[in-house]
Amino acid sequence: MSLFRKLVKRAEDSSTDPTSDAADAPTTTQPPAPGGDTPEDVLKGAIDNIYSKLPSWAWILIAIGAGLILLCVLYCCCKRCCCKKKKKKQEK
C-alpha cells in the first residue's frame with residue numbers, strides 16, 4: 001500500500017494548479033533532485049519488499065513447482081508430436 005501512496009503523493013505534487021496557465025509551464029523536464037525517489041527507485045523498493053517477505057524455502061518451492069509445470073508441458077508436447085500412431089486405413 002505504501003507504493004500506491006507514494007505514487008499518489010507524487011502525482012499530487014507534480015500536478016499543476018487549475019488557476020495557472022499552461023503557457024507558463026516549462027516545456028522541458030528537470031531531473032529529479034539527488035535525494036528524491038525516482039519511479040525506478042520506488043518500483044525497485046517494492047520488489048525488494050516483496051522479495052524480503054517470503055522466506056528462502058518458499059522461493060525454492062516456487063522454482064520447483066514452475067520447473068515441474070514446464071517439464072509436464074514439454075512432456076505433453078513431445079508425446080503429442082513424436083508418438084503419433086499411424087492409423088490403419090480401413091478397407092471397404
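UniProt positions are given in the numbering used here, and annotations may be inferred rather than shown by experiment. With that in mind, welcome to the tour; the model on your screen is a predicted one.

**Stop 1: the annotated span.** Select residues 57–78. The UniProt record, an unreviewed entry, places a "transmembrane region" here. Colour the span by secondary structure and you will find 100% helix and 0% strand. Put a distance label on the C-alpha atoms at its two ends, and the label should read 31 Å.

**Stop 2: the whole chain.** Now zoom out and show everything as a cartoon. The protein chain has three helices and zero strands, and from the N terminus on its elements run α-α-α. Switch on the surface next. About 9400 Å² of the protein chain is accessible, and carbon and sulfur atoms account for 63% of that area. How many of the 92 residues count as buried? The share is 4%.

**Stop 3: the largest pocket.** Select helix H1 (2–14) together with helix H2 (39–53), since each supplies at least two residues to the lining of the largest pocket. The space in this pocket comes to about 150 Å³. Ten residues line the pocket, and those closest to its centre are Ser2, Leu3, Gly45, Ala46 and Asn49; show these as sticks. Which helix gives the most to the lining? H2 does, with six residues. Colouring the lining by residue class gives five nonpolar, three polar and two charged residues.

**Stop 4: Lys6 and Val42.** Stay with helix H1 and pick Lys6, which lies in it. Is Lys6 buried, exposed or partly exposed? Its relative accessibility is 44%, so Lys6 counts as partly exposed. Then add Val42 to the selection. Lys6 and Val42 are 36 residues apart along the chain, yet their C-alpha atoms are separated by 8.0 Å.

**Stop 5: the cysteines.** Finally, select the cysteine sulfurs. A disulfide here needs two cysteine sulfur atoms within 2.5 Å, and by this rule the count is zero. Why does Cys76 have no such bond? The closest cysteine sulfur to that of Cys76 belongs to Cys72 and is 6.6 Å away, which is too far for a bond. Cys77 is in no disulfide either; the nearest cysteine sulfur, in Cys81, is 6.3 Å away. Before you leave, look at the surface around Cys77: with a relative accessible area of 43%, Cys77 is partly exposed.

Methods. Residues are numbered from 1 along each chain as its sequence is written. This is a predicted model: local features need pLDDT of at least 70, side-chain atom pairs count only at pLDDT 80 or more; totals for chains, interfaces and linings use all residues. Side-chain values use heavy atoms; hydrogens and water are left out. On a 1 Å grid over the protein atoms alone, a cavity is a set of points where a 1.4 Å probe fits but cannot get out, and a pocket is an open set with protein on both sides within 12 Å along at least five of seven lines; lining residues have an atom within 4 Å of a point. Grid points are joined across faces, edges and corners, and a volume is the space filled by probe spheres set on the points. Helices (H or I, at least four residues) and strands (E, at least two) are DSSP runs, numbered from the N terminus. Ala, Val, Leu, Ile, Met, Phe, Trp, Tyr, Cys and Pro count as nonpolar, Asp, Glu, Lys and Arg as charged, and the others, Gly among them, as polar. Buried means under 20% relative accessible area, exposed over 50%, partly exposed in between (1.4 Å probe, protein chains only). Accessible areas come from the Shrake-Rupley method with a 1.4 Å probe; for residues, only the protein chains shown count as cover.
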